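Biologist: I am new to this structure. Please take me through one part of it closely, and then show me what surrounds that part.

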Amino acid sequence: MDAPTTTSADNGTSGDNGAKGGGGWFTPRKQPAEGRPSGAEGSAHEGTEPAAEDGRIATPSRPVASIRPVGTGAERAAGTPSRGVTVPQTRTTPGPQVPPAAAPRETPAPPSAPYGSGGAYGAPSTYGNAAPHHAAPPQHTAAPQHGAHPYGGAAPHQSAPSPHAHQAGPPHGGGAPHHGPDPAAGAGRPGSGLFPGVSDQKASPDAVLIRRTMEEIAPVADKVTSYFYALLFVRHPDLRSLFPAAMDTQRDRLLKALLTAAEHMDNTPVLVDYLEHLGRGHRKYGTQPAHYPAVGEALIGALTRYATTTWNEETEAAWVRTYTTISQIMIDSAAENERHAPAWWHAEVVSHDLRTPDIAVVTVRPDQPYPFLAGQYTSLETPWWPRIWRHYSFAGAPRSDGLLSFHVKAVPAGWVSNALVHHARPGDVLRLGPPAGSMVVDHTTDNGMLCLGGGTGIAPIKALVEDVAEHGERRPVEVFYGARSDHDLYDIDTMLRLQQSHPWLQVRPIVDGRTQLPDAVLEYGPWNEYDAFLSGPVGMIRSGVDTLRGVGIPSERIRHDSLEELVAAAD
Ligand SMILES: NC(=O)C1=CN([C@@H]2O[C@H](COP(=O)(O)OP(=O)(O)OC[C@H]3O[C@@H](n4cnc5c(N)ncnc54)[C@H](O)[C@@H]3O)[C@@H](O)[C@H]2O)C=CC1
């Protein structure tokens, strides 16, 4: 969800959207033509409504409550009267952002992933783990309207910061950071279906209703998503230009974001971190507060159409409350971020080093200072594929000259990666989003570091090593660098040079054969006193987490970027 909602000067009830005339907020203004194609793309003509897959017109069952406008945090600070939910002022986050968890990298799949990962209108991404400074209990506790609860009711676990605050966290609690029951699940009966490990027993009433809806629409998720975008673009054709031409991957992002929010609805710290990250990340797409109500209308319209069994007035009210709060947090987060960071950075390619026929090291110079931490990643857009963003890790610790490097592998059908490897040249200008990810070094300990880098996943591992070196630490750092063949160890010379300079560093190239990357660590050790860092293909992360837990490293000391995002990127 990415495009949550809010603010609308008319309180969301203007024009035909008002709850009048039997229409209601999401009621079609006009019948669509017979046989009109459905789907998110193609079809949006202003003043008409999209047809459902079966050709029927989708008309919400009844008027829905308006998604309330609340203005931005800045407006409230200036004394603008609140018109809806009361949301406390956004907190200030000084210094480089260490947004919650992670994201995907090169996207070997459909070239279309719009708002890249992390992103836009529907991109979850990570959060699962708040960065250290996010560990404090959230200040966002949207006051309920009409007795409703902000996140769908009570905000139960507010007092407990995420126990996985240092891990790269998957959005749906499924991936690595949350090995074991979700902290939000309490001691109740574990949930089932879409939300394993999430219990309804301690869940707030709104959370229960929202999850029921999600369970119901899961089997028809594709239809819901298509219909959502169709509604959005038909009613707001101007918003279409914010999205990439190809919507394939984008569609999934909405549902994933919803799942993420739904799963963590009662875990306020996690949810707020996630949404704040999402709100900041949306700035680069040009998302404005006014866009949120539009998305909210389309969302409710799509749910009304497809969640036929669970949808009723109560459920609808829960969704409206929840969406309003979500929007507010994202809007406030973006507004706060706007005070000290650009929405994006331009970055000129200054060198392009083709290491293998399909791997390049691309170095860029941002047009203004770009603060980040070693181990983080950014989103990147090329001039050849506007509005298509991909995530790449910084392949080095911050440098005094401000240059940033990325390791890019051209993957089949990967538009961005192929453009970067085969077309980018010095002088080309890319766009970068804000830094993200929490796979960073904890300099408050001197624990040994066990690092597994598979393929181009070695990029952030190299950054971590440089970070340790720059801090003058002498903790043991063991790097296992996996590749399919000797030829694919494109950065081994750099890693071995680092090893020569630093006696605390051990680099072991592991070429697929007798053993593969995660298993190779079993021949060494013991590792139970180490912190672990995993970076590479999702299969490697999954098996690596299992292996490392098996050798005694607790889950909370195993860090990696979001599995969900990596999976999404590989679709
Ligand atoms: N470029 C970047 O900045 C970053 C990229 N990544 C991710 O790293 C991946 C790199 O892709 P490639 O270079 O093509 O890697 P690859 O597919 O050639 O695999 C590299 C090595 O990882 C291990 N591995 C792969 N699959 C495995 C599995 N299922 N189980 C156990 N070990 C496995 C093997 O040792 C293999 O040689 C991509 O998925 C990318 O998204 C992750 C972080 C940063």
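**Where two helices meet, and the sheets beyond**

Modeller: Start with the contact between two helices. From helix 5, the residues Val272, Leu275, Glu276, Leu278, Gly279 and Arg280 take part. They meet Ile326, Ile329, Met330, Ile331, Ser333, Ala334 and Asn337 of helix 7. Sorted by class, this contact holds 8 nonpolar, 3 polar and 2 charged residues. Keep in mind that the model is predicted.

Now the geometry. Two packed helices are described by the angle between their axes and the distance between the axes. Helix 5 covers residues 268-281, and helix 7 covers residues 313-338. Their axes come within 7 Å and cross at roughly 55°. Angles under 35 degrees count as roughly parallel, and 65 to 115 as roughly perpendicular. The two helices are therefore oblique to each other. The crossing of helix 5 with helix 7 is right-handed.

Next, follow the chain to strand 1, residues 345-356. Strand 1 pairs with strand 2, residues 359-366, in the antiparallel sense. That pairing has 8 bridges. The two strands make a hairpin, with 2 residues between them. Strand 1 is also joined to strand 6, residues 429-432. Here 4 bridges hold an antiparallel pair.

Ala347 is a good residue to pick out. Its bridge partner in strand 2 is Pro366. Opposite Ala347 in strand 6 stands Leu430.

Step back to the whole sheet. It is open, has 6 strands and runs in the order 4-3-6-1-2-5. The pairing is antiparallel. Strand 4 (389-393) and strand 5 (404-409) are at the edges. Each has a single partner strand, so one side of each is left without a neighbour in the sheet. From one strand to the next, the twist averages 40°. One more bridge belongs here: Trp345 has Leu432 as its partner in strand 6. A helix also packs on this sheet. Helix 9, residues 458-470, touches strand 3 (377-381), strand 4 and strand 5. The direction of helix 9 makes about 40° with that of strand 4.

There is another sheet to look at. This one is open too, with 5 strands in the order 9-8-7-10-11 and parallel pairing. Its edges are strand 9 (505-511) and strand 11 (558-560). Each of these has a single partner strand, so one side of each lacks a neighbour in the sheet. Neighbouring strands are turned by 15° against each other on average, direction ignored.

Look closer at one edge. Strand 8, residues 477-483, pairs with strand 9 in the parallel sense over 7 bridges. Val477 has Leu505 as its bridge partner in strand 9. Helix 10, residues 492-501, packs on the sheet and touches strand 8 and strand 9. The direction of helix 10 makes about 155° with that of strand 9. Helix 12, residues 538-550, lies across strand 7 (448-454), strand 8, strand 10 (530-535) and strand 11. Helix 12 runs at about 165° to strand 10.

Finally, the whole chain. The protein chain has 13 helices and 11 strands. Of its 571 residues, 59% count as buried. Now take the contacts between residues at least 6 apart in sequence. Among these, 78% join residues at least 24 apart.

Conventions: Residues are numbered from 1 along each chain as its sequence is written. This is a predicted model: local features need pLDDT of at least 70, side-chain atom pairs count only at pLDDT 80 or more; totals for chains, interfaces and linings use all residues. Axes are lines fitted to C-alpha atoms, for helices over the stretch in contact, and angles run from 0 to 180 degrees between N-to-C directions. Angles under 35 degrees count as roughly parallel, over 145 as roughly antiparallel, 65 to 115 as roughly perpendicular and the rest as oblique. A crossing is left-handed if the near helix is turned anticlockwise from the far one by less than a right angle, and right-handed if clockwise. Two residues are in contact if their C-beta atoms, placed from the backbone, lie within 7 Å. Ala, Val, Leu, Ile, Met, Phe, Trp, Tyr, Cys and Pro count as nonpolar, Asp, Glu, Lys and Arg as charged, and the others, Gly among them, as polar. Two strands pair if DSSP finds at least two bridges between them. A residue is buried if 20 or more other C-beta atoms lie within 10 Å of its own, exposed if 12 or fewer, and partly exposed in between; C-beta atoms are placed from the backbone.
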